[in-house]
Amino acid sequence: MQKIGVREIVEFVLQSGDLNNSLPSYNSAKNGSRIHRKIQKKYPQSYQSEYFLEHEIKINNKKYLLNGRADGVLFTKNHVLIEEIKTSDLDFNEIPENKMNLYWGQLQAYASIIFSENNNIDSIDLKLTYVRTPEEEITEKIKSYKKSEAQTFLDQLIKEYSQWLALKDKMLVERNTSVKNLKFPFKDYRPGQYEFAKMVYKSVISKKHLFAEAPTGTGKTISTLFPAIKAFSSNYIQKIFYLTAKQSTRIVAENAINLLKNNGLKLRSITLTAKEKITFPEEKDLTPDQNPYMIGYYDRLKPALKDILENNHQITKNVIEIYAKKHKIDPFEFSLDISLFCDVIIGDYNYLFDPVVHLQRFFEVENDDYFFLIDEAHNLVDRSRDMYSTEINDSETKNALEKINEIKNQKKLINEINNLLAIFENYNDKLDDNSEINYELPNSKLSKTINKIITLIRKLIRKKAKSKEELDDDILQFFFNCLHYQKINDLYGENYRTRIIKKDNHLIINLFCINPSPFINGTLELGRGSILFSATLSPIKYYQEMLGNNPDSLQFQINSPFNPNNNQIIIDSSINTKFNNRDQSINNIILSIKYMIQKKGNYLIFIPSINYLNKIYEAFNKKYPNIRIIKQTSEMNEIDRSNFINNFKEYPSESLVGFALLGGIFSEGIDLQKSRLIGVGIVGVGLPAMNPENNLIRDYFDQQKKPGFSYAYQLPGINNVFQAAGRLIRTDDDKGIILLMDERFIQNRYKQLFPYHWKNILITRNKNNLSKIITKFWN
């Protein structure tokens, strides 16, 4: 039986007014839970906290379970009390009426369930306990609620919601009918593709996490989306979240959905876009109470939702903007509200994994109706480290202090910021410039000081809001940095290190998440299962460990569908690119590149650092001035990137050699098919630069009896190599050379990591032999 949450139905039916009516609350989850427990402990033992309520209702002649969880319920002999605890930084008398209606509506809905399940109860006391933070000033309001009132309220709630359930049911029937009849959109499966799709479907059924390596050309996007969508018809799942690291892969997912749509699929999909990229230009300098797209937002939301859902199946950024303009509502918030009605949600990793900005409307509790497709999963290791790390620095602290000094009556706040600066100064005396120290535990004095600063700035924000004044951007940025620090500090455990960094005579205190795996596991468990897939996920065991370390996860590797004879991999083992030998290696490298490009065409050479790249580029240009060359620079905007790629034209009249950064913007996510690219050269094994951060990763895993150097340096580096090599063979018609320039590629510790589909490999230390191999291949 389908479930409807009390909060969902109350908020959807009763929500009205402006978008800015959400109350400012800067509590951490930890502090919010503490406040709840503190209040709940005041009651006798008969008080039941986090009380679960459930009742069967009928809407549109269909049965549903209405359920929810009240903060507390107290049953005595002749009396029932239901309590909801709410927190924000506003005074109680400042809470907008439309927000207060939601609070009481939630309590009324809970009471309706208790009345329905208990015929002998005629009245219930509804208690709203409001905690104004950060002072924790408590206001309590109690209303007596009659059974007759409850029935009228519930009937009205159901009547209003029934039209939306009717629309939802109509879309559900339409979706499931189309899914049952949906065929694979191509005449034949590619080699291994059917087996991959079966593994995806098996993972949905068995509630598993699957790690899959699917090389370019295997059709990994359709191989994951198609079976997951087919699972809709059996009601195993109700929502698919397709999450990626890059805009380009989101477009690929949209194209796959469109392909299935042209094959008869009828479901609602939406692509979520970052707020700064979808907000209308005319909104950007306006506060919420000045913004016409936010004023009265909820009064216009339901007609807008009905309009867009009844007239569109594939909801992209452009579609959202058209309907947001039409109904004069904020496009970003509109997209989030639309997503509640969608079957497939496409977006960035952070919508699921980021502890600060994840979609709370979906991911506060576990839900077996959700299934996660994580594309380009090799990127998630570093991305999740960033998401679960944070830092605070002395520069922004001093900037904030300077602005706060201009505000009257802020002595306490100024004192606490000076205490924070004293902590920075203490570390400053211990460190030489451009050096760092690290600790296993965070600085407790620093944490307490930041908590006090947050409390005092919250009071300042409230004071400014009352007088309709805006707080300086430097103060707000400092405040949000402190909040983020507090959030991550609450997560701090043995998988963290505290880094104190002195750089250019400025201090940075960094909480560095070395191993994000426990957080990834907890997040993935919010759904029924997941597929974590990439063209380069070798070795899979490493990624299983770093992305959840779930012992029951499955793994699958699919071979490349392309003819291995279309691609010659050559290892030039005469080249030593170790850091101390780089200058001496340059002449050898440019000679190998010259032999490589003997056939007219377009080539890409990937080099592990900008400095090394510039030296090789200059040397090549000096020795071979008649060969056309281009290079990646350290500061390229989107136009520069497009211009770089557009140089690689089909059937060129002269050879082109492009020099790019290994692990950079051109080493993955670009698609140069057929004659647009016929050769890829890779200098070095891709090892990241030796630095304190990577050394912390190495040392941590060494202590865990794991191969620390491999986890910190070798495996991230070799993945960059695999990604760069993957730029070459993109279709059945592509042919070309991959030249690996480093003696380490012939060592077993690297050869054993080579992808399964790397079959056609030759090794040479001799340039004449290199020339013969290349000539033979092209002949």
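These legends accompany several views of a predicted model.

**View 1. The whole chain and its overall dimensions.** Let's start with the full picture: along the principal axes, the C-alpha atoms fill a box of roughly 95 × 70 × 50 Å. The radius of gyration is 30 Å, which agrees with the value near 28 Å expected for a compact globule of 779 residues. If you are tracing the fold, the secondary structure comes to 27 helices and 25 strands. Among contacts with a separation of 6 or more, 78% join residues 24 or more positions apart.

**View 2. The surface and its charges.** About 35,100 Å² of the chain is exposed, and carbon and sulfur atoms supply 46% of that area. You will find 105 positive and 93 negative side chains here, with the centres of the two sets 5 Å apart. As for the interior, 56% of the 779 residues count as buried.

**View 3. The largest nonpolar core.** This core holds 182 residues, and the members touching the most others are I82, F334, I338, I374 and L740. Helix 3, covering residues 97-117, gives the most to this core, with eleven residues. In soluble globular proteins, nonpolar side chains tend to be buried together.

**View 4. A closer look at I374 and its contacts.** Setting aside neighbours within four places in sequence, I374 is in contact with L243, Y349, L352, F353, L380, I531, L532 and F533.

**View 5. A second, separate nonpolar core.** Here you can pick out I346, I531, F556 and I558, which are among the 35 residues of this core. One of them, I531, also appears in the previous view as a contact of I374.

Conventions. Residues are numbered from 1 along each chain as its sequence is written. This is a predicted model: local features need pLDDT of at least 70, side-chain atom pairs count only at pLDDT 80 or more; totals for chains, interfaces and linings use all residues. Side-chain values use heavy atoms; hydrogens and water are left out. Helices (H or I, at least four residues) and strands (E, at least two) are DSSP runs, numbered from the N terminus. The radius of gyration is taken over C-alpha atoms; the globule rule is 2.2 Å times the number of residues to the power 0.38. Buried means under 20% relative accessible area, exposed over 50%, partly exposed in between (1.4 Å probe, protein chains only). Contact means heavy atoms within 4.5 Å. Accessible areas come from the Shrake-Rupley method with a 1.4 Å probe; for residues, only the protein chains shown count as cover. Lys and Arg count as positive and Asp and Glu as negative; His and the chain ends are not counted. The place of a charge is taken as NZ of Lys, CZ of Arg, CG of Asp or CD of Glu. A nonpolar core is a set of buried Ala, Val, Leu, Ile, Met, Phe, Trp, Tyr and Cys residues joined through side-chain atoms within 4.5 Å.
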